[in-house]
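Work through the exercises below with the sequence and the 3D view side by side. Try each task before reading its solution.

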Amino acid sequence: MPKTSSRKRVAYVLFLVLVALFLIRSCGPQDIDTILSEKGILPEQVKLITTFEPRTQLVLYQDLTTNNLTPALIQQKVWFSELARIGGGLQDNPVEPLSSHISGYEESKGKMIYIIYGYLHDADITQVHIRYEPNLASSRLEAEIVESSSDQISGRLWYAVIQQPIHEMIWDIKGLNDEGHVIYSSLDSEVRR
């Protein structure tokens with residue numbers, strides 16, 4: 001008799017362990033496609049998914065309502081994942097050599113994340129440099145340029161993520177050619193208008 005009772009106890013413990021593992025797995029972070037589809041973002045809308053922190057992904061997608069290129073962040077927590085849509089979006093102007101938009105997102109700890117993104121319409125632009133504060137050398141960065149695919153008729157996509165405080169905002173976005181010469185500057189563009 002004691003053996004049967006012991007087996008039942010072991011079976012019961014194993015059952016509880018399996019249930020606990022199932023619950024932990026089902027409550028854990030979801031895969032990115034599932035998160036996006038639950039929020040109504042279809043795979044054909046997604047232009048870019050990139051990881052910029054170990055558990056944070058930037059998503060750039062074509063919003064079907066506004067037809068704007070729009071950013072979102074996926075933050076994967078221990079028990080769940082959340083998608084934060086960031087307001088606004090890029091209204092692309094294919095006449096300009098470079099289109100750009102900035103969106104900001106405040107995390108729960110008060111930390112700001114700025115996403116600067118757009119399209120390159122000038123094939124000669126091979127680098128995008130961004131300066132976002134007037135006097136700090138550390139406030140300069142080079143954007144990532146995503147090579148275009150056959151479904152990107154808007155131009156080459158580019159983006160940059162800033163994860164530090166910005167005290168005095170000035171945006172100077174420069175497009176450079178292969179030789180490193182500036183062939184587009186957002187500040188010069190604003191002056192001409």
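**Exercise 1. Is Ser81 buried or exposed, and which strand holds Ser81?**

Solution. The model is a predicted one.
- Step 1. Take the relative accessible area of Ser81: 14%.
- Step 2. Apply the cut-off: buried means under 20%. Ser81 is therefore buried.
- Step 3. Place the residue. Ser81 lies in strand β4.
- Step 4. Look across the sequence to Ile32. The two residues are 49 apart in sequence. Their C-alpha atoms are 8.9 Å apart in space.

**Exercise 2. Give the strand order of the open sheet that contains β4, and find its edges.**

Solution.
- Step 1. Trace the pairing. The order is β1-β2-β3-β4, and the pairing is antiparallel.
- Step 2. Find the edges. β1 (46–53) and β4 (81–85) each pair on one side only.
- Step 3. Take the twist. From one strand to the next it averages 20°.
- Step 4. Check the β3 and β4 pairing. β3 covers residues 69–76, and five bridges join it to β4 in the antiparallel sense. Ile74 has Leu83 of β4 as its bridge partner.

**Exercise 3. Describe the other open sheet of four strands, which has β8 in its order.**

Solution.
- Step 1. Read the order: β8-β7-β11-β12, with antiparallel pairing.
- Step 2. Find the edges. β8 and β12 (182–185) have a single partner strand each, so one side of each has no neighbour in the sheet.
- Step 3. Take the twist. The average from one strand to the next is 25°.
- Step 4. Inspect β11 and β12. Three bridges hold this antiparallel pair. Leu176 has Val182 of β12 as its bridge partner.

**Exercise 4. How many residues of β10 are buried, and which strands pair with β10?**

Solution.
- Step 1. Count the cover. Seven of the seven residues of β10 are buried.
- Step 2. Split them by face. One side carries Arg156, Trp158, Ala160 and Ile162. The other carries Leu157, Tyr159 and Val161. Both faces are covered.
- Step 3. Recall the general rule. Strands of a sheet pair through backbone hydrogen bonds, either parallel or antiparallel.
- Step 4. Take β6 (residues 112–120). Seven bridges join it to β10, in the antiparallel sense. Tyr114 stands opposite Ile162 of β10.
- Step 5. Take β9 (residues 144–146). Three bridges join it to β10, and the two run antiparallel. Val146 has Leu157 of β10 as its bridge partner.

**Exercise 5. Which residues touch the most other members of the largest nonpolar core, and which elements supply this core?**

Solution.
- Step 1. Start from the membership: 18 residues. Leu58, Leu60, Leu73 and Tyr159 touch the most other members.
- Step 2. List the elements that give two or more residues. They are β1, β2 (56–62), β3, β6 and β10.
- Step 3. Rank them. β6 gives the most, with four residues.
- Step 4. Follow Tyr159. Leaving out residues up to four places away in sequence, its contacts include Leu48, Thr50, Leu58, Leu60, Ile116 and Tyr117. Ala143, Glu144 and Val146 are also among them.
- Step 5. Look for another core. A second, separate one has 16 residues, including Leu98, Tyr114, Ile116 and Tyr132.

**Exercise 6. Find the aromatic pair and classify its geometry.**

Solution.
- Step 1. Search for ring centres within 6.5 Å. The count comes to one aromatic pair.
- Step 2. Take the geometry. The ring centres of Tyr132 and Trp171 are 6.0 Å apart, and their planes meet at 35°.
- Step 3. Classify. Planes under 30 degrees apart count as stacked and over 60 as edge-to-face. At 35° the pair is therefore tilted.
- Step 4. Locate the partners, which are 39 residues apart. Tyr132 sits in the loop between β7 (127–131) and β8 (140–142). Trp171 sits in the loop between β10 (156–162) and β11 (172–176).
- Step 5. Check burial. Tyr132 has 3% relative accessibility and counts as buried. Trp171 has 19% and is buried too.

**Exercise 7. Summarise the whole chain.**

Solution.
- Step 1. Count the elements: three helices and 12 strands.
- Step 2. Take burial. Of the 193 residues, 39% count as buried.
- Step 3. Take the contacts between residues at least 6 apart in sequence. Of these, 49% join residues at least 24 apart.
- Step 4. Take the surface. The accessible area is about 11,800 Å², and 55% of it belongs to carbon and sulfur atoms.

Methods: Residues numbered from 1 in each chain as written. Predicted model: local features only at pLDDT ≥ 70, side-chain atom pairs only at ≥ 80, totals over all residues. Heavy atoms only, no water. Buried < 20%, exposed > 50% of the residue type's maximum accessible area, 1.4 Å probe, protein only. Pairing = 2+ DSSP bridges. Axes fitted to C-alpha atoms, helices over the stretch in contact; angles between N-to-C directions. Core = buried A, V, L, I, M, F, W, Y, C linked by side-chain atoms within 4.5 Å. Contact = heavy atoms within 4.5 Å. Areas by Shrake-Rupley, 256 points an atom, 1.4 Å probe, with all protein chains shown as cover.
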